[in-house]
Amino acid sequence: MNYRKAARREALAGYLLIAPAVGLFIVIGLFTVLFSIVLSFFSLPQGQLIWNAKFAGLDNFKDFLLGGNYILSGFFRQAIVNNMWIAFAMVVIVIPLALIIAVLLEKATRGVRLFRTIYLLPMVTSSVAIYYVWQGLYDPTGSINQLLASFGLDSWIAKNGWIGEIHTALPAIIITIVWGALPHSLILFFAGLQAVDTHLYEAAEIDGANAWQKLTRITWPILKPITVIVIIMNLNVALQVFDQIWVMTKGGPAGATQVVNVLVYQQAFFQDGDMGVANAMGWTMFMLTFILSLLSLKLFGDKSGRESH
Amino acid sequence: MTRAKTAALYCILLLWSVLCLYPLLWMVGASLKAPMDVMSTFSLFPQGKWHWETYAEVWNRLNFFSYFWNSVIVTLSTLIGINVLYSMAAFAFAKLRFPGNNALFILFLGMMFVPGITVMVPLYLTENYLGILNTYIGLILPSINGAAPMAIFLFRNYFRSIPHELFESAKMEGAGIMRTLFQIYLPLSIPILATLTAINFLGSWNSLILPMVILSDQSLFTLPIGVILLDSGVFRQWNVLMAGSLISIVPILLCFGFLQKYYIKGLSAGAVKA
């Protein structure tokens, strides 16, 4: 009897402790998510009250996926392609570069902490402030063009600025994104390398292992799970990118840097947009991110890791 | 390593440092130049007079004092909210038995997959009906909620790593649950408090889309949208824009010294989350 009373009191205390968190979660988290999913099957022109929403079935999805709305589906296709280019760069450029710098930093004996602090700065300062700086560097008369001119590479100069010309805008934006996102991968790789027990290398050397064997048998097994995490993390950054584009180009010139999240924002909060379509687009992107993450887990994840044991 | 190899190593490390630092230095230099010199001279810092007065103008006349203050209020409230709310919830999840414990915990963790921008529309509509659109509260509550998965996860694991005897003996001594949490467990959890503070300080301070959606009253604007507002003129005044930009990241640079260690911990923990 006493025991049951104590258990009831414990449960009550538990509920009281989680009550504020759960309350906030229900109103701000769960409710908005469910609301958002429901809304993606309704049509609600921007600025209208919620009771003007009309059920639209799958029309929202047809609009931007299957060409139901010709202009919108063109924008969406371009945005997806741009997101994919950014994702590609976030894997093929960021990972090798971060790994190389991490390895070099691990080899250094002096100033490691200072270097690490400096290398983190792009990430912690990545905000509106820094995106304006990049705009300045990419300006028609900005540092990059000035640097090219001083080397006499006049034909390389982007006359309308690096984010002002259709064929250079996306690469320029990608450089800004890579610059800000690389530190995260770098720090994870660096932490992984530091976690490798140096005695393992010594023991391997005594056993006559060469550099390649040390890399594939000792270093890689530790770095591999980190690489999987880094890939998923970077894909997520690439597919959810918004701030950089919004501040630097708003998707221009002529859609050259348009990405899905900017399109979602414009659909949701600009005139002529439809909030239902915005939500449908957002969740489509979410599904895509989710599927790509699962695929990377399948391709590089646990399975082969277990085989090596 | 040979001497040549060491030299090459440090050359590359220095080169990368320059790439990391150059935009920041450009920001400082541009803010101190005369307006027309920003784009016309290649030298990083002004060659003639250093125009410190631009900062005074941005801070006083262009409202940066108010944007700064708004950012401080929002970020501080968010950080306090995160640490109080989720240490409490995580304590219940870690230490107390009640029906639904695990299910609720997993539901919280599941929220980390929710894409931020997608839920902006319903958030906007919901806040409109709750009457908290365009208020500090309307900005603070979603920021707190967004940190829930990571905060609950880290606190719960940490509380579980503390020997259970401590909990039992606090109970024996007659300490209530709240006292056990706030006077015994939280003081032992400083590393987690610091990690969550470091990560969420940056997240909240640099946040752009949420204030863009929630706030329309200029007197409530936080720094990131304040900086964008500086750019709304017909032609861009680079020195003013850069002075505002620098003001907006100075707190980050100042705090980063102390918080770096915990920030790095948070990055690795965040990776588990991803």
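Which residues form a positive surface patch? The patch is made up of A:Arg4, A:Lys5, A:Arg8 and A:Arg9, where Lys and Arg count as positive and Asp and Glu as negative, with His and the chain ends left uncounted. Patches are built from residues with over 30% relative accessible area and no salt bridge, like charges being joined within 9 Å and nonpolar side chains (Val, Leu, Ile, Met, Phe, Trp, Tyr) within 5 Å; a salt bridge here is a side-chain nitrogen of Lys or Arg within 4 Å of a carboxyl oxygen of Asp or Glu.

The model is predicted, so local features need pLDDT of at least 70 and side-chain atom pairs count only at pLDDT 80 or more, while totals for chains, interfaces and linings use all residues. Residues are numbered from 1 along each chain as its sequence is written, chains are lettered from A and ligands numbered from 1 in the order in which they are written, and side-chain values use heavy atoms, without hydrogens and water.

One member of the patch, A:Arg4, belongs to helix H1 (residues 2-39) of chain A, and A:Arg4 is exposed at a relative accessible area of 59%. Buried means under 20% relative accessible area, exposed over 50%, and partly exposed in between (1.4 Å probe, protein chains only). Helices (H or I, at least four residues) and strands (E, at least two) are DSSP runs numbered from the N terminus.

Chain B has 14 helices and 0 strands, and its C-alpha atoms fill a box of roughly 75 × 65 × 35 Å along the principal axes. Of its 274 residues, 53% count as buried, and 73% of the contacts (heavy atoms within 4.5 Å) with a separation of 6 or more join residues 24 or more positions apart. Chain B exposes about 12,300 Å², of which carbon and sulfur atoms supply 69%; the areas come from the Shrake-Rupley method with a 1.4 Å probe. The mean positions of its 15 positive and 9 negative charges are 13 Å apart, each charge being placed at NZ of Lys, CZ of Arg, CG of Asp or CD of Glu.

Two loop residues that are not glycine have a positive phi, as tabulated here.

| Residue | Phi | Loop | Relative accessibility |
|---|---|---|---|
| A:Ala254 | near 55° | between helix H11 (243-248) and helix H12 (260-269) of chain A | 64%, exposed |
| B:Asn134 | about 65° | between helix H6 (120-130) and helix H7 (136-146) of chain B | 24%, partly exposed |
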